[in-house]
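Here is a friendly walk through one protein model, written for someone who likes to check geometry in a viewer. Please keep the sequence and the coordinates open while you read.

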Amino acid sequence: EQRAAKLDRKYAEDTSKGVTVAIFFVKDLSHPYHRAKVDLNAQQLHISGCGISAPDFSMVLAEGGPKVINKFTRLMLHRIKWTGLEDDDINDDDEEERDTPQFNPENTCQAVWQGLAVKRLFKHFVFQTVESNEQARKIFKAKNVEHYWDQVVAHANGQGAGLRLKLVEDDDEEDVEMS
């Protein structure tokens with residue numbers, strides 16, 4: 001019991017200096033395996049945020065302390081098998097695996113942005129399915145962070161290679177790229 005309490009204290013880190021926010025682009029988040037894996041780990045790590053499934057792509061926003069966000073990032077980018085099971089994992093004798101819906105073989109997950117925010121925007125981790133990009137943008141506009149959705153849309157369109165800032169106006173108008 002003491003070990004479990006220590007882990008809970010460790011994961012419910014002090015976020016007085018700010019909340020670490022991570023945004024992920026996921027091509028397809030409709031499979032129950034992926035939703036369950038993301039939701040279960042978010043609950044175990046005391047992460048708040050949301051998963052938005054739009055018609056073209058999906059997005060996962062996670063808020064928490066720096067250590068748990070690093071663990072969650074590792075989960076999203078390395079531990080979850082987004083494209084499906086390996087050939088060694090498939091057993092021909094198992095009837096149940098054939099009945100489950102197949103993964104999208106072209107599915108992918110990419111980190112779009114990670115940084116600090118002043119406070120948490122969400123109380124818990126929730127999934128929402130929207131019918132259009134405008135509905136998804138309204139969800140974030142209600143929290144005054146619609147730029148999170150805009151970043152993911154830009155990333156999905158191939159324009160999200162980096163955040164482009166114009167620091168000073170020079171004659172050669174040099175852009176500075178930040179990741």
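The text below goes from the overall fold to the nonpolar cores, the aromatic rings, one buried polar residue and the cysteines.

**Overall layout**

Please bear in mind that this is a predicted model. The protein chain contains 6 helices and 7 strands. Read from the N terminus, these elements follow the order α-β-α-β-β-α-α-β-β-α-α-β-β. Of the 179 residues in the protein chain, 34% are buried. Among contacts with a separation of 6 or more, 74% are between residues 24 or more positions apart.

**Two nonpolar cores**

The largest nonpolar core has 20 residues, and the members touching the most others are Val38, Ile47, Val60, Phe72, Met76 and Trp82. At least two residues of this core come from each of strand E1 (19-26), helix H2 (32-44), strand E3 (58-64) and helix H3 (66-79). Helix H3 contributes the most, with 5 residues. Met76 is a good residue to select in your viewer. Setting aside neighbours within four places in sequence, Met76 is in contact with Phe24, Val26, Val38, Val60, Trp82 and Cys109. Another core of 19 residues lies apart from the largest one, and its members include Ala54, Phe57, Phe122 and Val145. As general background, nonpolar side chains in soluble globular proteins tend to be buried together.

**Aromatic rings**

How many aromatic pairs are there? The count comes to 6. Two of them are set out here.

| Pair | Centre to centre | Angle between planes | Class |
|---|---|---|---|
| Trp113 and Tyr148 | 5.8 Å | 35° | tilted |
| Phe125 and Phe127 | 5.4 Å | 80° | edge-to-face |

Trp113 belongs to strand E4 (residues 109-117) and Tyr148 to helix H6 (residues 146-156), so their pairing ties together parts that are 35 residues apart in sequence. Trp113 is partly exposed, at 26% relative accessibility, whereas Tyr148 is buried at 5%.

Why does the pair of Phe125 and Phe127 count as edge-to-face? The planes of Phe125 and Phe127 stand at 80°, and an angle over 60 degrees puts a pair in that class. Phe125 is buried, with 9% relative accessibility, while Phe127 is partly exposed at 22%.

Ring pairs also join Phe25, Phe57, Phe140 and Trp149 into a cluster. Phe122 has a charged partner: the charged end of Lys143 sits over the Phe122 ring, 4.8 Å from the ring centre.

**A buried asparagine**

Is Asn107 buried or exposed? Asn107 is buried, with a relative accessible area of 5%, and it is found in the loop between helix H4 (95-99) and E4. Which backbone oxygens does the Asn107 side chain reach? A polar atom of the side chain lies 2.8 Å from the backbone oxygen of Asp28, and the side chain reaches the backbone oxygen of Trp82 at 3.4 Å. Leaving aside neighbours within four places in sequence, Asn107 is in contact with Val26, Lys27, Asp28, His34, Trp82 and Thr83. Trp82 therefore links this part of the account to the first core: Trp82 is in contact with Asn107 and also with Met76.

**The cysteines**

How many disulfides does a search of the whole structure find? The search finds 0. Cys50 is buried, at 1% relative accessibility, and Cys109 is buried too, at 11%. Cys109 has already appeared above as one of the contacts of Met76.

Technical notes:
Residues numbered from 1 in each chain as written. Predicted model: local features only at pLDDT ≥ 70, side-chain atom pairs only at ≥ 80, totals over all residues. Heavy atoms only, no water. Phe/Tyr/Trp six-rings, centres within 6.5 Å; stacked < 30°, edge-to-face > 60°. Helix = DSSP H or I, 4+ residues; strand = E, 2+ residues; numbered from the N terminus. Buried < 20%, exposed > 50% of the residue type's maximum accessible area, 1.4 Å probe, protein only. Lys NZ or Arg CZ within 6 Å of the ring centre and 35° of its normal. Core = buried A, V, L, I, M, F, W, Y, C linked by side-chain atoms within 4.5 Å. Contact = heavy atoms within 4.5 Å. Polar contact = N/O pair within 3.5 Å; in protein donor to acceptor, adjacent residues only side chain to side chain. Disulfide = S-S within 2.5 Å.
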